[in-house]
Structures are given as structure tokens and as C-alpha cells.
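Please work through the exercises below with the sequence and the coordinates open side by side. Each task is followed by a solution that proceeds step by step.

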Amino acid sequence: MDAAYISAMFGLGGATIGALASFMTTWMTHRSQFQDKIREAERARRIELFNEFITEAVRLYGDALSHERDDVGDLVLLYALLAKMQLTASQATVDAAEAVIDRVIDTYLGPNQNLHEIRELARDGKLNFLTEFGTACRADLQASLNEIR
């Protein structure tokens with residue numbers, strides 16, 4: 001009878017260990033999937049933030065080419081987007097965003113441009129003020145994608 005009890009105990013022990021192993025595997029898989037979803041949502045928020053910054057910077061830069069301003073009210077949203085970037089983006093991205101803001105401000109402080117002058121700037125490639133920012137964003141997003149994998 002003792003052998004039957006021992007066999008039963010080993011059987012129950014094996015079943016328990018198997019159940020625990022299955023539970024732990026399932027729990028770890030779900031936890032990993034949940035963390036991946038959080039990272040992907042954060043990456044999507046960054047993409048949206050970068051897009052908003054680009055849209056606002058382009059709008060203000062276009063305005064700055066043909067208008068001089070002493071009012072900083074239009075720059076508030078750009079600085080708010082920069083502050084949000086400082087929470088999640090890499091330092092290289094933040095630095096590139098600050099350079100974009102400086103370029104917008106310098107353009108506001110400069111003389112107004114007429115359409116012919118703007119066309120010449122475009123031909124000379126001088127309107128590409130977002131290149132460095134785009135490169136930094138791409139590197140930032142690639143790094144976040146590598147975290148997901």
C-alpha cells in the first residue's frame with residue numbers, strides 16, 4: 001500500500017509541477033505581450049508628437065518667410081511640443097527640435113521674403129530646415145522599434 005501512496009504522490013507532484021510550468025509560461029507570454037503593446041503605444045505617441053511638431057514648424061516657418069513678428073504667441077505650441085518631446089524622445093531629437101525652433105525664430109527676425117526669393121531658397125535647398133530633425137526622429141523611432149523586438 002505504501003508503494004501505491006508513493007506512486008500517487010509522485011503523480012500528483014508531477015501534475016502540479018506541469019500545471020505550474022504551464023501557468024508560468026502563459027503568464028510570462030502574456031506579460032511580454034502586454035509590455036510590447038505598451039512600447040508600441042508609446043512609439044505611436046512619439047510618431048504623433050513628431051508629426052505635430054513638423055506640421056507646426058512648417059506652418060510657422062512659412063509664415064516667418066513673409067512676416068516679421070515680435071509676438072511670441074505663435075511659438076507657444078512649438079515650445080509645448082518641445083516640452084513633450086523632452087519627456088520621451090532622445091537628447092539628439094530634442095536638440096534637433098531646438099535647432100528647428102531657432103531657425104523659425106531667426107526667420108521671423110529676418111527680412112520678409114517675396115515669392116521669387118522663396119523660390120530661389122527652395123532651388124538652393126535652403127528650405128530643408130527639418131532634415132536634421134527628421135534624421136534624429138528616425139533614429140529615435142528605430143531605437144524604440146528595436147526595444148519592441
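The three exercises that follow concern a predicted model.

**Exercise 1.** Describe how helices α1 and α3 pack, giving the angle and the distance between their axes.

*Solution.* Two packed helices are described by the angle between their axes and the distance between the axes. Here α1 (residues 2-66) and α3 (residues 91-109) pack at an angle of about 20°, and their axes lie 8 Å apart. Because angles under 35 degrees count as roughly parallel, α1 is roughly parallel to α3. The crossing in which α1 passes α3 is left-handed. On the side of α1, the contact is made by F50, F53, A57, L60, Y61, D63, A64 and L65, while α3 contributes T93, A97, V100, I101, R103, V104, T107 and Y108. Sorted by character, the residues of this contact comprise 12 nonpolar, two polar and two charged.

**Exercise 2.** Locate A8, decide whether A8 is buried, exposed or partly exposed, and state what distance separates its C-alpha atom from that of A83.

*Solution.* A8 is found in helix α1. Its relative accessible area is 39%, and since partly exposed covers the range between under 20% and over 50%, A8 is partly exposed. The C-alpha atoms of A8 and A83, which are 75 residues apart along the chain, are separated by 64 Å.

**Exercise 3.** Which residue caps the N-terminal end of helix α4, and what phi does G125 take?

*Solution.* At the N-terminal end of α4 (residues 115-123), the cap is N114, which has a side-chain oxygen 3.0 Å from the backbone nitrogen of H116. Just after α4, G125 takes a positive phi of about 75°.

Terms used. Residues numbered from 1 in each chain as written. Predicted model: local features only at pLDDT ≥ 70, side-chain atom pairs only at ≥ 80, totals over all residues. Heavy atoms only, no water. Polar contact = N/O pair within 3.5 Å; in protein donor to acceptor, adjacent residues only side chain to side chain. Helix = DSSP H or I, 4+ residues; strand = E, 2+ residues; numbered from the N terminus. Buried < 20%, exposed > 50% of the residue type's maximum accessible area, 1.4 Å probe, protein only. Axes fitted to C-alpha atoms, helices over the stretch in contact; angles between N-to-C directions. Parallel < 35°, antiparallel > 145°, perpendicular 65-115°, else oblique. Left-handed = near helix turned anticlockwise from the far one by under 90°. Contact = heavy atoms within 4.5 Å. Nonpolar A, V, L, I, M, F, W, Y, C, P; charged D, E, K, R; others polar.
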